Structures are given as structure tokens and as C-alpha cells.
Amino acid sequence: MRLTLTSDLWWKNAVIYCLDVETYKDGDGDGVGDFRGLTQQIDHLRGMGVTCVWLMPFFPTPNRDDGYDIADFYAIDPRLGTFGEFVEFVRTARDRGLRVIADLVVNHTSDRHPWFLDARSSRDSRYRDWYVWSDRPEPDDPDAVVFPDEENSFWEWDEKTGQYYLHSFYKHQPDLNVANPEVRDEITRILGFWMELGLSGFRMDAVPFLVENIRGKVPDQSKFLGDLRAFMNRRDGGAVLLGEVNLPYDDLLHYFGGGNGDRLTMCFDFIGMQNVYLSMARGDAGPLAKALRERPRPPKDCQWASFLRNHDELTLDKLSDAERQEVFDAFGPEKDMQVFGRGLRRRLPSMLGGDPRRIKMAYSLMFSLPGTPVLFYGEEIGLSENLDVKGRTAVRVPMQWGPEQGGGFTTADEPRLRVPMPEGRYGPERVNVSDQRRDPDSLLAWITKLIEYYRECPELAWGEYTVLDAGNDAVFAHRADVDDATVVAVHNLADADAEIVLTLENLDGQVMLTDLFTGDDVEVTEDGKARLSLGPYDCRWLRTTRGGGSPDQAGPQARS
């Protein structure tokens with residue numbers, strides 16, 4: 001495989017950082033995060049090596065679902081700032097080399113959106129057909145209800161007009177009728193509006209729900225995704241459409257598009273993520289190895305997105321009941337730590353008991369996996385959850401910048417925090433950016449190092465990957481190859497020493513592996529054998545070199 005120019009495929013080896021403006025940094029002292037505060041912290045993101053910021057919804061909202069119930073797609077929530085402050089943030093991010101994408105939540109609106117208020121005013125109203133109505137509720141699959149703790153149906157009765165409306169999520173989030181050409185045109189206008197203000201793409205929320213609602217009503221429901229992608233490419237050839245598609249691999253591949261990958265640019269690898277946790281729970285690399293061997297190759301110029309945590313519950317829905325229970329037992333044994341019967345409402349540090357060895361190994365694994373890494377804000381410092389808060393919102397705590405009162409997030413005497421900060425072991429006096437910046441052994445320093453080496457290893461982002469047999473159930477090993485250069489990543493998932501021998505074929509005379517973290521060399525014998533000693537929860541990134549030497553000169557460089 002030859003490395004090609006990457007100027008228009010910046011997302012291929014990007015580092016994406018997801019944040020909620022409301023919980024990131026309060027810039028005006030009112031106790032609510034805002035764009036002014038976010039702009040003040042751009043250099044923190046640049047210093048880590050982040051290349052793309054993903055903004056969770058920042059639109060006007062009744063805030064019954066953390067902003068995912070949108071009441072106006074063309075405005076800024078006044079609590080978070082003004083259009084001027086938004087544009088200033090995007091401009092400042094661009095000046096620092098960061099692109100900005102935002103959540104595209106168009107499967108539904110808030111029930112307080114003017115479109116829906118009009119739609120439910122009369123069966124003959126202007127926006128009636130912008131939503132999905134029925135004289136009788138269609139049969140529901142109880143197992144498919146997204147929020148079984150609060151909803152038992154996809155249909156809600158509207159008293160005034162005497163019909164039911166569809167809501168794939170909460171009843172206060174009526175589904176848009178994307179089969180209506182007017183709705184599809186409006187969604188395109190929304191994309192164009194925000195791209196004109198500087199966005200480089202979108203993370204598309206709940207893609208299967210959006211597309212399934214069109215099925216049977218237009219010839220090819222996924223053509224809608226292709227139309228959106230084509231529109232974005234006309235505006236900006238490097239724009240990205242990152243899809244939330246939590247489906248089995250065979251079903252998911254369709255959302256990338258055909259051989260040209262003309263629909264979604266990227267998709268999250270939910271199956272790989274869930275098997276990371278199953279492997280860590282067992283101390284057995286088998287589930288992750290199996291998942292990656294089965295994961296299909298995306299179309300040319302498309303990419304998988306790798307992650308350990310996101311803004312929702314840690315879903316385990318693609319595991320069997322028994323496998324899910326194993327993860328619950330290991331990382332969330334109390335019922336209060338679980339949610340919807342399918343996931344965990346915890347962040348990684350608390351799930352791993354605060355063990356720095358396991359935490360650092362887990363992030364090393366994530367950054368080395370084939371795909372584009374995505375971080376959820378606060379992961380770089382080991383931010384934890386607040387289980388006193390209801391549901392999945394428990395993980396959306398304010399960012400902790402310093403040890404002082406308010407955690408450096410706000411100077412307000414009585415901040416209006418929707419989610420209070422954790423206390424005790426994970427409180428801001430013990431977990432914060434300020435302290436970790438001065439500690440070379442901190443998690444922040446480790447994440448920064450991982451990002452640096454990830455960006456210097458185009459093999460990981462662009463290469464062909466192969467899962468290796470380590471000869472030890474606890475060790476996950478894989479290699480990535482591009483342009484006659486190879487990176488081998490090895491991770492010990494168990495709390496025990498491991499001695500392994502890897503067989504590395506087709507190295508074309510390269511007889512040494514150089515550890516990127518330590519600079520140590522590991523000999524590769526003439527028959528391709530490399531022997532490694534690993535400590536408990538140890539991790540190694542090794543690049544092929546000829547006769548030893550600097551790994552920085554061993555392979556191609558690809559920065560975009």
C-alpha cells in the first residue's frame with residue numbers, strides 16, 4: 001500500500017475531542033459553560049495534540065435531554081453565548097490548527113419547536129407533514145424501546161388533533177418525517193448554514209432511526225445520506241460526516257455507501273468498543289481479537305472511529321446477556337451503576353478502580369487500534385462520574401481545571417450546575433488539569449504522549465492491520481503496515497507478567513523493533529520471531545527499523 005497525499009482526508013488520522021460547551025468552561029462567571037470560556041481553553045486542546053473539536057448540541061432547547069431536544073436549528077442557546085462568540089471560537093480554533101464539527105440532531109425536534117407547535121395545531125397546518133402521524137399506534141417491539149425506564153411505546157397520543165405521533169426516543173422529541181422532501185431540503189439548509197459559519201462537518205446522531213423512518217416511502221432510503229454528503233463536498237471537499245450507527249458490522253457497512261464510500265465518511269466502532277471492555281473484564285484478548293478480525297474494511301477513503309467512552313451510557317447491547325453480565329460484574333456491579341439494563345453510566349477511571357496501570361494501558365490500546373481516536377472531554381485527566389445524578393447524565397460532569405472551589409470551571413459563588421462535580425477521590429482537589437500539567441507521570445502527560453506518537457505513526461491510521469497470535473490469551477497484539485513501514489502494538493490485559501513470541505512476516509530485511517516509548521530495541525530473528533517481556537497491564541508500541549536507530553526516522557510521516 002502506498003501512502004498518498006492526505007490534505008483532503010484530514011480526518012483519516014485526526015484526534016477528535018468531544019465536549020459540551022455547557023460543562024466545559026464558564027467564561028463570564030454565571031456558573032454555566034459558554035463559548036467565551038471554551039475559547040479561553042483552546043491552547044489546552046492544542047497542547048494535547050487534538051486536531052478536531054466535536055461540539056455537543058449548543059442550540060436553544062428546553063433541556064429535557066441535555067440539548068438533544070432542539071427548539072431552533074439556526075440559533076445559539078443564549079446561556080452559551082452569541083453568534084459572535086461562536087464565530088470567534090471557530091476562528092480561534094482554526095488559528096490553532098483545529099477543525100470544528102458539531103452534532104447534527106435531525107431525527108427529531110423538541111415538542112416545543114415552532115414546527116411541531118404548528119403541526120399539532122391542526123391536521124391542515126403548514127408543518128403537519130413534517131412529522132409522522134397515525135390514526136392508531138403501529139405495533140411496538142418492547143425490546144427496541146430506547147429508554148425503557150421512561151417510555152413504553154414509540155407513539156404518543158395528541159389530544160387536539162386526534163392522532164398519534166412517532167417518537168423514536170422520548171415523547172417530548174417527535175420524529176421528523178424525513179420522507180417529506182421539504183424536510184430533507186430543510187436539513188440540507190441547516191448543514192449549509194453552519195458550514196458557512198466555519199464548521200468542517202457533523203457527527204450525525206441516531207442515523208439508523210433517521211434512515212429507517214424513510215424506508216418504504218422513497219426508493220432508496222440511504223440516498224438521503226448520499227445527498228447530504230454530496231452537498232457537503234460541494235461546499236467543502238474535506239468536510240466529514242461521522243455517523244452514530246450502532247449496528248452489526250454487516251448491516252453497518254451499508255451506511256458507508258458503495259465502493260466509493262459516498263454516504264457516511266466515518267462510523268463509530270461500537271462492536272469493537274464493547275469487546276474491549278469484555279476483554280478487559282476477562283483479562284483475555286480473545287473477544288477483541290475476534291471482533292477486529294471480523295470487522296469489515298470500510299470503502300476507500302472512509303474510516304472507523306475508535307473510542308472508549310462517549311456522552312451516553314456505555315452501551316453493551318451487542319454483547320450476549322452472559323457477556324454483558326461479566327462486564328457489569330467487573331466494572332459496574334451495583335444496580336445504580338447500570339442503566340437501561342444494557343449499559344453503564346460510569347467513566348473509565350472509576351470502572352478500573354483508579355488503577356493508573358490499567359487506565360494508561362486502555363488508552364494506549366485505543367490509540368493504537370486501527371481507526372480515528374475519539375476522546376470524551378475530561379478523559380485526559382481521569383474525570384469521573386457523579387452517580388447522584390439520574391441516568392446517563394451522570395457522566396456529563398463539569399470539566400475540572402483546578403483544585404479551587406468550582407474546580408476552575410466557574411468563579412460563580414453558587415454555580416447553576418446541572419450535574420455537580422464528583423467528590424472525594426475524583427473531586428477537583430485531586431483530579432484537575434492544573435496539577436497534571438506539572439506532573440510528568442500524570443494521565444494528561446500520558447495521553448499527550450500517545451497523541452504525539454499516534455500522529456507520528458501513519459501506519460496506525462492509514463495502514464493495513466493484522467491481528468497477531470501472541471501465544472498468550474491475555475495479550476492483544478496487532479500490526480499495521482504502510483509504505484514498507486510497520487508498527488506493532490502489544491497490550492497485556494492481565495495483572496500478571498507475560499512472555500510472548502510474535503511471528504512477523506514480510507519485513508523485507510528489517511530486523512529490529514524499536515520501542516517508541518523507551519527507545520529500546522527488540523531483535524527480530526531471520527525467521528521473523530520477536531520475543532517480548534511484558535509486565536502486568538504493560539503496553540508497547542514498536543516500529544520496525546534496520547539495525548536499530550531512531551524510530552522517528554523509521555517510517556513515513558503524515559501530518560495534515
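In this predicted model, the largest share of the lining of the largest cavity comes from helix H10, which supplies 3 residues. Helix H10, spanning residues 270-282, and helix H11, spanning residues 286-294, each provide at least two residues of that lining. The space enclosed in this largest cavity amounts to about 90 Å³, and of the 13 residues that line it, those closest to its centre are Asp269, Gly272, Met273, Ser306 and Leu369. By character, the lining residues divide into 9 nonpolar, 2 polar and 2 charged. In the structure, the count of cavities of 30 Å³ or more comes to 5.

Attention then turns to charged side chains. Side chains of opposite charge can pair when their charged atoms come close. The structure holds 41 salt bridges, and one of these joins the side chains of Glu196 and Arg235, with a nitrogen-to-oxygen distance of 3.5 Å. Because Glu196 belongs to helix H6 (residues 181-196) and Arg235 to helix H8 (residues 223-235), this pair ties together parts that lie 39 residues apart in sequence. Of the two partners, Glu196 counts as exposed, at 61% relative accessibility, whereas Arg235 is partly exposed, with a relative accessible area of 43%.

Helix H10, already described as part of the cavity lining, also takes part in a salt bridge through Arg282, which pairs with Glu326 in helix H12 (residues 321-331), so that parts 44 residues apart in sequence are tied together. The closest N and O atoms of Glu326 and Arg282 are 2.8 Å apart. Glu326 is partly exposed, its relative accessible area being 30%, and Arg282 is likewise partly exposed, at 37%.

A further salt bridge is formed by Arg357 and Asp495, whose closest N and O atoms are separated by 3.2 Å. Here Arg357 lies in helix H14 (residues 356-368), while Asp495 lies in the loop between strand S17 (485-492) and strand S18 (498-503), and the pair therefore ties together parts that are 138 residues apart in sequence. Both ends of this bridge fall into the partly exposed class, Arg357 at 37% relative accessibility and Asp495 with a relative accessible area of 49%; the latter counts as partly exposed because the exposed class requires a value over 50%.

Beyond these individual pairs, salt bridges also link residues into a network, which joins the acidic residues Glu22, Asp65, Asp66, Asp77, Asp312 and Glu313 with Arg79, Arg342, Arg392, Arg396 and Arg418.

Terms used. Residues are numbered from 1 along each chain as its sequence is written. This is a predicted model: local features need pLDDT of at least 70, side-chain atom pairs count only at pLDDT 80 or more; totals for chains, interfaces and linings use all residues. Side-chain values use heavy atoms; hydrogens and water are left out. On a 1 Å grid over the protein atoms alone, a cavity is a set of points where a 1.4 Å probe fits but cannot get out, and a pocket is an open set with protein on both sides within 12 Å along at least five of seven lines; lining residues have an atom within 4 Å of a point. Grid points are joined across faces, edges and corners, and a volume is the space filled by probe spheres set on the points. Helices (H or I, at least four residues) and strands (E, at least two) are DSSP runs, numbered from the N terminus. Ala, Val, Leu, Ile, Met, Phe, Trp, Tyr, Cys and Pro count as nonpolar, Asp, Glu, Lys and Arg as charged, and the others, Gly among them, as polar. A salt bridge is a side-chain nitrogen of Lys or Arg within 4 Å of a carboxyl oxygen of Asp or Glu. Buried means under 20% relative accessible area, exposed over 50%, partly exposed in between (1.4 Å probe, protein chains only).
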